[in-house]
Amino acid sequence: IESSSFCPSAATAVGLLLSNLADISASNFISDAIFIFCKICITGINVLIMWALYNTGLVTDSKVLVLPLVLGGFISWTLASVFMHVYDAVQDTALMCYCWDKEHNNGTEDSPYYFNDRLQSILNKFNDHRGRSTRKVVPTDEE
């Protein structure tokens, strides 16, 4: 974000992580639970499809049902893990940008937050008891 080299950027990232530890740990706990649930669903659906194909008679070459199901479940879990790690990296990057913006801006006219309206409403849903956010947003060209 600041166009610095690796070591200063890593030090900045560690500082942001340590200063926002509660926000990051809560967000990562929830996202990890969602990602594990997604991996279980993907694996379960794939194993269920393999079992249904075996029971309908489309696949008649195999005499043993357990080994192909276990192998297919392992492959499904591995591929689902790879894809979920991509989403986890995206979530971590967005959370790091949120922490950087919270650290360097204060929401005033001179230093506004750079969230768009949708992200602002998601992250600050409970800022005000009436559901209105108190943050000011810089308009972007995309909107």
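This passage describes the helices of a predicted model and the contacts between them. Local features were considered at a pLDDT of at least 70 and side-chain atom pairs at pLDDT 80 or more, while totals for chains, interfaces and linings use all residues. Residues are numbered from 1 along each chain as its sequence is written, and side-chain values use heavy atoms, with hydrogens and water left out.

Helix α2 covers residues 21–56, helices being DSSP runs of H or I of at least four residues, numbered from the N terminus. The 36 residues of α2 should span 52 Å at 1.5 Å a residue, the expected span being 1.5 Å times one less than the number of residues, and the end C-alpha atoms of α2 are 52 Å apart, which agrees. After α2 comes Gly-57, with a positive phi near 95°.

The buried residues of α2 (under 20% relative accessible area, 1.4 Å probe, protein chains only) are Ile-24, Ser-31, Phe-35, Lys-39 and Thr-43, and their cover includes α1 and α3. In helix α3, Ser-76 is likewise buried, with a relative accessible area of 11%, and touches Thr-43 and Asn-46 (heavy atoms within 4.5 Å), not counting residues up to four places away in sequence.

The axes of α1 (residues 6–19) and α3 (residues 66–104), lines fitted to C-alpha atoms over the stretch in contact, come within 10 Å and cross at roughly 85°. The two helices are therefore roughly perpendicular to each other, a term for angles of 65 to 115 degrees. Ala-13, Leu-16, Leu-17 and Ser-19 of α1 make this contact with Met-96, Cys-99, Trp-100 and Glu-103 of α3.

Methods: Axes fitted to C-alpha atoms, helices over the stretch in contact; angles between N-to-C directions. Parallel < 35°, antiparallel > 145°, perpendicular 65-115°, else oblique. Buried < 20%, exposed > 50% of the residue type's maximum accessible area, 1.4 Å probe, protein only.
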